[in-house]
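Colleague: I would like to learn how to read a few features of a model, going step by step from a single residue to larger elements. Could you show me the one we are to discuss?

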Amino acid sequence: MAKRDLQYTRNIGIIAHIDAGKTTTSERILYYTGKIHKIGEVHEGAATMDWMVQEQERGITITSAATTAFWHYNGKTYQLNLIDTPGHVDFTVEVERCLRVLDGCVATFDAVGRVQPQSETVWRQADKFRVPKIAYVNKMDRVGSDFLACVEDIRNKFGANPVPVCLPIGAEDKFQGIVDLLDRKAIIYDSDNTEVINFREEPVPEDMKDEVELWRDRLVQSAAECDDALMEKYFEDPDGVTVEEIIAALRKGTIEMKLVPATCGSSYKDKGVQFLLDCIVRYLPSPLDIGAVKGTHVITGKEEDLFADADKPFCGLVFKIATDPFVGRLAYVRAYSGTLDSGTYVLNTRTGKKERVARLYQMHSNHQNPIESLEAGDIGAAVGFKDLRTGDTICDERHPISLESMEFPDPVIGIAVEPKTQGDLDKLGVALAKLSEEDPTFTVKSDNETGQTVISGMGELHLDIIVDRLRREFGVEINQGAPQVNYREAVTTTTQWREVFKKQTGGRGKFADIICEIGPADEGVTGLQFDNQVKGGNIPKEFIPSIQKGFESAMSNGVLAGYEVQSLKVTVLDGSFHPVDSDQLSFEMAGRMAFRHACPKCHPVLLEPIMSLEVVTPEEYMGDIVGDLNRRRGQISAMDATSNGARIIKAFVPLAEQFGYVTVLRTLSSGRATSTMTFDHYSEVPATLAKTIVEKSGYRLPEDD
């Protein structure tokens, strides 16, 4: 099979705030690339990329959907591997894991709402993974739309350098099309949107000529700033610079993240999407443009560069696991190097085990098209893996390379669930296991005290969707409890403690003796910060990891109310051992018991998740909303005004006070205010409230083992 030329491949995602038009834009891209022959609308529940029943009913994107389409530009055919991502903050990790494997993205903005709270979140996520961006200002047909004001908002809020590559012709209900600044031509879109080619090219309108020349000159200057040779040529002869040279310089600047090409349109009214597709292939990088990806050799530990070359040994990253009722567990893979063939074996670097690739698919939303191989630079799905998780590296077993894994935030909210009938008990266990495999931010725990099954997620909507999926996809009817906050515990002072673990039951006994210092971890450290200061072999080296293991396992249940301890510093100072009775288990038990006995003396406190809340409201409701936030122990951090007269209230509010907030906000503002809420940090619970929470939990420390 002939090797594909990767310079004609684009791995792109569409990212945005809720309701900016991501899925509608994806739908138009599929239509104009010939992938689908009928446009499905989000509000009608018929969008191709929103295939889940819950997405169709609610009109929101919940899970990222991948597809492959082809676009013809300048006589060449480009392959677009497109991922449509969710906009709601509860599913922000879905955006993050997609951005991890994409080469470029289209950041979509509402021409009226401009830069909204979740726009900032996804933009920062793209910056984190150094993903080049195009800005697409959508909904130019709406009342109050303003392309250049939105571009300015992007500049001010992100400190970015957005460069308009087109100008709108008209706005609101008079929005007809755009002027391509490079070619100085007007693209007028017909109101009849039944044709694949629904536009015609015309000369620039007379009343726009001066404005077009002004913005074109700015565009050329921005391009020249990214390329020294073009800069010299521009100074010598501004009119001698060719369109191809400008495109090449803009592309270079985009890939180096020095600028962001900005275009506009109205996806719902079928205006500007073909031009956006041209911009995607013009400016966003191919897998060859992003350069080498860093990996670590599993055996030597040395860093290695992986190049997008189909002839090299295979290496790829699993960025998503999905369960399909017909083909089973689908592992979405981004191939960074080499070729993956169906029926071959690969190494999972996390487990160190070989896994067989039964079949490979190219995805189109929830449909699979079988393929024989997956080449470097491509995105596809594989079936047949037994033990694979999101973030795992799969590679050629003769060249074991591990890519940097993914980190996911801890869930902040939980509910207790139980099956309605005994017959649903086994089904519930299987269903929860599958859902937690798919979603790294969804966890399942059994409460040792009550025997309840507690499921945790990133917000009320997240858990709502999970419960709905249990019922519809897996046929499990459940009873659910009230939402619970995932509190944490922490210690505030340091204490020294000696723990002697001794057990004699006839024959060989158990003995471990440790002297340790237990206290708060250093700033910025989460989990266990362990330091071994034992000198002179008083405790043999082979027992030290067992002490660490004992403390780590004990941290899952704190001493106040049984919540997980967020961070802890343990320094082992001294101790002793018995040549016959001491073993690894004895020292592990000593670590666990030292935690239980010493932590109550370290002034433990309860921590609660604090959410960053942003409310956009008309000014007349501001007083009521601020008053309500104060009653919820909220701290107002900022109040801003938007250009269209609305007010933005930013606050930090404890999650415990925010259940059902959306309904209250609607009531306070007659349905006109909107809010977004993301987890920000953990903070100490006030003493009186903490006492109530501890008493309610009824938690008692377990007896010594």
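Colleague: Which residues does Ala 292 touch, not counting residues up to four places away in sequence?

Modeller: Please keep in mind that this is a predicted model. Ala 292 touches Asp 305, Leu 306 and Phe 307, and for the last of these the C-alpha atoms are 4.9 Å apart in space although Ala 292 and Phe 307 are 15 residues apart in sequence. Ala 292 itself is found in the loop between helix H9 (273-283) and strand E12 (293-297).

Colleague: Why does Ala 292 count as partly exposed?

Modeller: The class between buried and exposed runs from 20% to 50% relative accessible area, and Ala 292 counts as partly exposed because its relative accessibility is 30%.

Colleague: At what angle do helix H1 and H9 pack?

Modeller: Angles of 65 to 115 degrees count as roughly perpendicular. Helix H1 (residues 22-32) packs against H9 at about 85°, with the axes 10 Å apart, and the two helices are therefore roughly perpendicular to each other. On the H1 side, Thr 25, Arg 28, Ile 29 and Tyr 32 meet Val 273, Gln 274, Leu 276 and Leu 277 of H9, a contact whose residues divide into five nonpolar, two polar and one charged.

Colleague: What is the order of the strands in the open sheet of four strands?

Modeller: Strands of a sheet pair through backbone hydrogen bonds, either parallel or antiparallel. Here the order is E7-E8-E9-E10, with antiparallel pairing, and the edge strands, each pairing on one side only, are E7 (166-169) and E10 (199-202). E7 pairs with strand E8 (residues 177-180) over four bridges, and the bridge partner of Ile 169 in E8 is Gly 177.

How values were computed:
Residues numbered from 1 in each chain as written. Predicted model: local features only at pLDDT ≥ 70, side-chain atom pairs only at ≥ 80, totals over all residues. Heavy atoms only, no water. Pairing = 2+ DSSP bridges. Buried < 20%, exposed > 50% of the residue type's maximum accessible area, 1.4 Å probe, protein only. Contact = heavy atoms within 4.5 Å. Axes fitted to C-alpha atoms, helices over the stretch in contact; angles between N-to-C directions. Parallel < 35°, antiparallel > 145°, perpendicular 65-115°, else oblique. Nonpolar A, V, L, I, M, F, W, Y, C, P; charged D, E, K, R; others polar.
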